[in-house]
Amino acid sequence: MEARCRELGVNVALSEVWGKGGQGGEALAREVLRLLDEGKKDFRFIYADDDSLRAKIEKIAVKIYGADGVDFTGPAAKELDRLESLGFGAYPVCMAKTQYSLSDDPALL
């Protein structure tokens, strides 16, 4: 797959952090740094550091995954409030999508 991506002119870097920890992310980190060193002016972050956790999550969901919004209900809303009150609001948010993560309806794959 990596060779095919390169044939198409697509940057690719294998990330195996799930299995190898930090060492498994070195190739991806090096590729990100290489791209940043190129100085392309179209790079921008999805959210600002001082955005709330809810705003960060919403921006990731909408801008990356194409969601029309995010509903924060029940325990999730309470946990976000708790994390904000403990001072974690300025921390980065990392999200990963699975085939089930955009809806609570398992028929919508």
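## Close-up views of a predicted model

**View 1. Ile-57 and its partners from elsewhere in the sequence.** Leaving aside neighbours within four places in sequence, Ile-57 is in contact with Val-70, Phe-72, Leu-80, Val-93 and Met-95. Keep in mind for this and every other view that you're looking at a predicted model.

**View 2. The largest nonpolar core.** Which residues make up the largest nonpolar core? There are six: Tyr-47, Leu-53, Ile-57, Ile-60, Leu-80 and Val-93. Helix α4 supplies the largest share of this core, with three residues. Two of the core members, Leu-80 and Val-93, also turn up among the contacts of Ile-57 in the first view.

**View 3. Lys-56, a buried charge without a salt bridge.** Right next door in the sequence, we have Lys-56, which sits in helix α4. Lys-56 is buried, yet no salt bridge goes with it. How far away is the nearest side chain of opposite charge? That's Asp-49, at 5.7 Å, and the cut-off for a salt bridge is 4 Å between a side-chain nitrogen of Lys or Arg and a carboxyl oxygen of Asp or Glu. Lys-56 still has plenty to touch: setting aside neighbours within four places in sequence, its contacts are Tyr-47, Ala-48, Asp-49, Asp-51, Gly-89, Ala-90, Tyr-91, Pro-92 and Val-93. Tyr-47 and Val-93 in that list belong to the largest nonpolar core as well.

**View 4. Asp-81 and Arg-54, a salt bridge between two helices.** Here the side chains of Asp-81 and Arg-54 meet in a salt bridge, 3.0 Å from N to O. Asp-81 is in helix α5 (residues 74–85) and Arg-54 is in helix α4, so this pair ties together parts that lie 27 residues apart in sequence. Asp-81 is partly exposed at 43% relative accessibility, and Arg-54 is also partly exposed, with a relative accessible area of 26%.

**View 5. Glu-31 and Arg-34 in helix α3.** The side chains of Glu-31 and Arg-34 form a salt bridge of 2.8 Å, N to O. The two are three residues apart in helix α3, which means about one helical turn separates them. Is Glu-31 buried or exposed? Buried: its relative accessible area is 15%, under the 20% cut-off. Arg-34, by contrast, is partly exposed at 35%. The pair isn't on its own, as Glu-31, Arg-34 and Glu-38 are linked in a network of salt bridges. Beyond its neighbours within four places in sequence, Glu-31 is in contact with Asn-11 and Ala-13.

**View 6. Arg-4 and Glu-7 in helix α1.** This pair of side chains meets in a salt bridge too, at 3.0 Å from N to O. Arg-4 and Glu-7 are three residues apart in helix α1 (residues 2–7), so about one helical turn lies between them. Arg-4 is partly exposed, with a relative accessible area of 47%, while Glu-7 is exposed at 60%. How many salt bridges are there in the model? The count comes to nine.

**View 7. A nonpolar patch on the surface.** To finish, here's the outside: Leu-28, Val-32, Leu-33, Leu-36, Phe-43 and Phe-45 form a nonpolar surface patch, with about 600 Å² of accessible area together. Where does Phe-43 lie? Look in the loop between α3 (26–37) and α4 (53–63). Phe-43 counts as partly exposed, at 47% relative accessibility.

Methods: Residues are numbered from 1 along each chain as its sequence is written. This is a predicted model: local features need pLDDT of at least 70, side-chain atom pairs count only at pLDDT 80 or more; totals for chains, interfaces and linings use all residues. Side-chain values use heavy atoms; hydrogens and water are left out. Patches are made of residues with over 30% relative accessible area and no salt bridge: like charges are joined within 9 Å, nonpolar side chains (Val, Leu, Ile, Met, Phe, Trp, Tyr) within 5 Å. Accessible areas come from the Shrake-Rupley method with a 1.4 Å probe; for residues, only the protein chains shown count as cover. Helices (H or I, at least four residues) and strands (E, at least two) are DSSP runs, numbered from the N terminus. Buried means under 20% relative accessible area, exposed over 50%, partly exposed in between (1.4 Å probe, protein chains only). A nonpolar core is a set of buried Ala, Val, Leu, Ile, Met, Phe, Trp, Tyr and Cys residues joined through side-chain atoms within 4.5 Å. Contact means heavy atoms within 4.5 Å. Lys and Arg count as positive and Asp and Glu as negative; His and the chain ends are not counted.
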